[in-house]
Amino acid sequence: MLVAADKFKGSLTAVQVAERVTAGLRRAAPDVEVEALPVADGGDGTVAAAVAAGFERREVRVAGPLGHEVTAAFALRGDTAVVEMAEASGLQRLPAGVLAPLTASTYGSGELLRAALDAGVRTIVFGVGGSATTDGGAGMLSALGARFLDGDGEPVAPGGGGLAALDRADLSGLDPRLSSVELVLASDVDNPLTGPKGAPAVYGPQKGASPDDVQALDEALAHYTKVLETEVGPRAAAYAAAPGAGAAGGIGYGALLLGARFRPGIEVMLDVLGFAPALERAELVITGEGSLDEQTLHGKAPAGVAAAARAAGKEVVAVCGRLALPPQALGRAGIRRAYPLTEIEPDVATCISDAGPILERVAERIGHDFLT
């Protein structure tokens, strides 16, 4: 049995999901061999999944989204680093109850990338998602040596809102080590930078942006692109329209300017975590996440796990907090059956607060269905 599930957001980490599923399976079949491979799709929890797979956890002090110092981590194994932007610039790094759609910056994410470069890596997997920011990656680029100046030659204010005053961009000071590493942009979204499907319109409201804020951010990012065209030429506009540019408030755009290659986050992470050899050893794969819904089918971890398992001829079942997909959709995704916590405990609040014990009971049911 291979347990390759993502976190149950707000309830259990991916590591805890694997532990609870393993415990439940062993209630039904005490001698069952279970291999745990917690997974992530590039968003929050990506570093934790890498550490669970044997990477070393490295901690550094960096700027949080509002400039206050935070302790953030990246994962290191050999010459490969896994960097998660949410560690530095995620919503969880904002003070409780505070949202800052116009001023939150990705500067700390750039500091994390610099720490990975300091570790001497050749490959950086840059997982982006769960951001508090909509600054097009300008903060990240600034931390790596770029300069974004207003008409007086002064640095523009942090955050996407500050880019409205941008007069000149200077990328000549970017860390030269960036040219000698492979940078992989790992994300589960393929939005462009601006427009109706861009970062401000689609994700800005989740970060506290009002309709006026969304318009201001969209205009500021479009202006940012125009100014960058003067610095780097037509590729600035091409990157803004490219899939993944709008990921994590546009930090995907900044990564593309650095030469990053965009790949679906779950595909990258399965490679990095060593999923293929673990899959070979498994007879049944258990995947899952907190909510199995329409979003799951668009690049989320369970869909990626199920697709890889189906290609290898392996059967897949899923665990989840709530299930919002019909059996036909699950089948098309390669999932034979889903086991939601709500089948055992109908009260959603209880499922969230007591997710661990309930998940063990769900896994015991899977064990009885498939192992006994």
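Student: In this predicted model, which residue of S9 stands opposite valine 125?
Tutor: Strand S6 (residues 123–127) contains valine 125. S6 pairs in the parallel sense with strand S9 (residues 182–187) over five bridges. The residue of S9 opposite valine 125 is valine 184.

Student: Which residue of strand S5 stands opposite isoleucine 124 in S6?
Tutor: Strand S5 (residues 80–84) runs parallel to S6, and five bridges join them. Opposite isoleucine 124 stands alanine 81.

Student: Is strand S6 largely enclosed or exposed, and how many of its residues are buried?
Tutor: Side chains in a regular strand alternate between the two faces of the sheet. From S6, Ile124 and Phe126 point one way and Thr123, Val125 and Gly127 the other, and all are buried. S6 is therefore largely enclosed by the rest of the structure, the number of buried residues being five of five.

Student: Which helix gives the most residues to the largest nonpolar core?
Tutor: That core has 56 residues, and those touching the most other members are Phe126, Leu141, Phe148, Tyr224, Leu228 and Tyr253. With seven residues, the helix that gives the most to this core is H9 (residues 247–257).

Student: Leaving aside neighbours within four places in sequence, which leucines is tyrosine 253 in contact with?
Tutor: The contacts of tyrosine 253 beyond those neighbours include Gly136, Tyr224, Thr225 and Tyr239. Ala236, Ala240, Gly244 and Ala245 are also in contact with tyrosine 253. The leucines are Leu193 and Leu228.

Student: How many residues are in the second, separate core?
Tutor: Nonpolar side chains tend to be buried together in soluble globular proteins. Here the second core includes Ala40, Ala75, Ala318 and Ala329. Its residues number 39.

Definitions and conventions
Residues numbered from 1 in each chain as written. Predicted model: local features only at pLDDT ≥ 70, side-chain atom pairs only at ≥ 80, totals over all residues. Heavy atoms only, no water. Buried < 20%, exposed > 50% of the residue type's maximum accessible area, 1.4 Å probe, protein only. Helix = DSSP H or I, 4+ residues; strand = E, 2+ residues; numbered from the N terminus. Pairing = 2+ DSSP bridges. Core = buried A, V, L, I, M, F, W, Y, C linked by side-chain atoms within 4.5 Å. Contact = heavy atoms within 4.5 Å.
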